[in-house]
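User: Please take a close look at one loop in this model, and then at the backbone and packing elsewhere. Short sentences are fine.

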Amino acid sequence: MRILLIKMSSMGDIFHTFPAISDIKKHFPHAEIDWVVEDSFKEIVAWHPAINNVIPIHLRRWAKSRTRADWREFIAWRRELSNRTYDLILDVQGLLKSAAVARSAKGKSISGYDRQSAREPVSHWFYQKTFAVAKEQHAVERTRELAGKALGYTPSQKLNFGINQNFTHIQKNPRKLVFIIGTSWVTKLWAASEWKALTQIAINAGYQVEIIWGSAEEQAIADSIIASCPEASRPEQRLSITTIAEKLVEAVGVIGLDTGFSHLAGALETPTIALYGATSPTKVGLIGEHTCNLQMPELLDCMPCHKRHCKWLPEHSIDTPQCMTSINANLVWAKLQQKIQQD
C-alpha cells in the first residue's frame with residue numbers, strides 16, 4: 001500500500017502527526033508512506049523510520065512572492081508529484097491549501113476531515129471520502145483518529161512518536177537542564193526576571209543550565225540571563241534542529257514556552273514543562289506522561305486570547321502580559337522536579 005500524507009507545517013503540528021504515522025506502520029507494516037511538508041521542516045519528517053520519501057514544498061514562498069518563476073516552479077513540482085500513484089492520499093491538515101495540494105497528487109482515493117471537523121470547512125469539497133472527528137480532542141488524537149478511520153483501524157491508547165531511536169547515541173546527563181526561552185509571539189514570552197530567578201534556582205540545586213536561542217532577540221535575552229547567572233551557558237551559534245534535538249535528549253529536564261522545540265522535547269520523552277498564557281494547551285499543548293502544560297493558577301477572563309499582541313498593553317509593547325507574569329519561577333521549578341522524579 002502506498003500512502004501520501006499531507007501536513008506541511010508548523011513544527012509543533014508535525015510532531016503531533018508522528019503518533020499517527022506510528023499507528024499506520026503498526027497496522028500496515030509494509031505500507032510505503034510519503035509525506036508532503038514545507039521545505040524548512042523536511043529534516044525532522046525524515047526522523048520517523050516509517051517515512052519512505054519526504055516531498056518538500058515551498059508553498060509559503062510561492063504564496064508570498066507569486067512571481068512567474070514561482071508559478072513555473074510549482075508546476076514542475078506538481079508534475080513530479082503526479083509521477084507516482086497512491087492508494088490513499090490523506091490530508092491531515094484540513095486547510096484549503098493542504099486540500100489543494102492533495103488534489104495535485106495522483107491517487108485512488110483522497111480522504112480528509114468532513115465539513116464539521118476540518119479547520120477550514122471548504123477543504124472537504126476536495127476529498128472523495130470524509131470522516132467526522134471531534135474538534136474538542138487534542139490535535140494528536142484527532143490526527144490518529146482520522147488516519148484510523150481512513151484505513152479501517154482503531155488506534156491504541158498508548159502514544160508512540162517513533163523518533164527516539166535516532167538519538168540512542170546521546171548519553172543522558174542527570175545534571176543538565178535546557179531552557180527554551182524564545183517563541184514567535186511576544187504574548188507567549190515569559191519575563192526575563194523569572195527566567196533569571198529560575199536559572200539561579202537550578203544552579204543552586206546543582207544543575208547545569210543551557211539556554212537555547214534562535215534569533216538575535218532571543219540571544220539578547222539569553223545573554224541577560226547569563227549576565228545575572230554566569231554559571232549558565234548558551235550555544236555560540238544558532239543550532240540546527242537535529243543538534244537541538246540531541247541537546248533535548250541529553251537533558252534530564254526541559255522548560256520552554258509554546259513553541260515547536262518544547263513539543264520536540266515532549267516527543268523525545270524528556271521531562272518537559274511548557275508555559276502557556278495567551279494560547280491554550282487543551283488542543284495543541286504538549287501531550288504524554290513526561291510533559292506538563294503550565295498556566296497561571298487562576299486564569300484571567302481574557303485567556304486564551306490567541307493574539308499576537310495583548311490588548312491590555314500599549315501598541316507595539318514588548319512587555320510580558322499579565323497571563324505570563326503571573327507564572328512564577330518557584331512554581332515552574334516544583335513542577336519540573338515532579339516530572340523528573342516521576343521519570
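Analyst: E269 sits in the loop between α10 (260-267) and β12 (272-275). The model is predicted. In it, E269 has a positive phi of about 65 degrees, although E269 is not a glycine. Most residues other than glycine have a negative phi. E269 counts as partly exposed because its relative accessible area is 39%, and the buried class ends at 20%.

This loop can be tied to the packing through L248. Leaving out residues up to four places away in sequence, L248 touches T270. The contacts of L248 also include F261, L264, A265 and L268. Further contacts of L248 are K172, V178, I180 and V254.

L248 and L264 turn up again in the largest nonpolar core, which has 50 residues. Together with W35 and W47, L248 and L264 are the residues with the most contacts inside that core. Helix α1, residues 11-27, gives the most to this core: seven residues. Apart from this core lies another one, of 33 residues. Among its members are A202, I211, M296 and I327. In soluble globular proteins, nonpolar side chains tend to be buried together.

Now the other positive phi. H306 is not a glycine, yet it has a positive phi of about 55 degrees. H306 lies in the loop between β13 and α12. H306 is partly exposed, with a relative accessible area of 44%. The loop between β13 (291-294) and α12 (322-325) also holds P304. The peptide bond from M303 to P304 is cis, and its omega is near -10 degrees.

Another cis peptide bond runs from S9 to S10, with omega near -5 degrees. Most peptide bonds are trans. S10 is found in the loop between β1 (2-6) and α1. As noted, α1 is the helix that gives the most to the largest core.

Last, the surface. L96, V122 and W125 make a nonpolar surface patch of about 320 Å². V122 is found in the loop between β7 (110-113) and β8 (129-131). Why does V122 count as partly exposed? Its relative accessibility is 40%. That value falls between the 20% limit for buried and the 50% limit for exposed, so V122 takes the middle class.

Terms used:
Residues are numbered from 1 along each chain as its sequence is written. This is a predicted model: local features need pLDDT of at least 70, side-chain atom pairs count only at pLDDT 80 or more; totals for chains, interfaces and linings use all residues. Side-chain values use heavy atoms; hydrogens and water are left out. A nonpolar core is a set of buried Ala, Val, Leu, Ile, Met, Phe, Trp, Tyr and Cys residues joined through side-chain atoms within 4.5 Å. Buried means under 20% relative accessible area, exposed over 50%, partly exposed in between (1.4 Å probe, protein chains only). Helices (H or I, at least four residues) and strands (E, at least two) are DSSP runs, numbered from the N terminus. Contact means heavy atoms within 4.5 Å. Patches are made of residues with over 30% relative accessible area and no salt bridge: like charges are joined within 9 Å, nonpolar side chains (Val, Leu, Ile, Met, Phe, Trp, Tyr) within 5 Å. Accessible areas come from the Shrake-Rupley method with a 1.4 Å probe; for residues, only the protein chains shown count as cover. A salt bridge is a side-chain nitrogen of Lys or Arg within 4 Å of a carboxyl oxygen of Asp or Glu.
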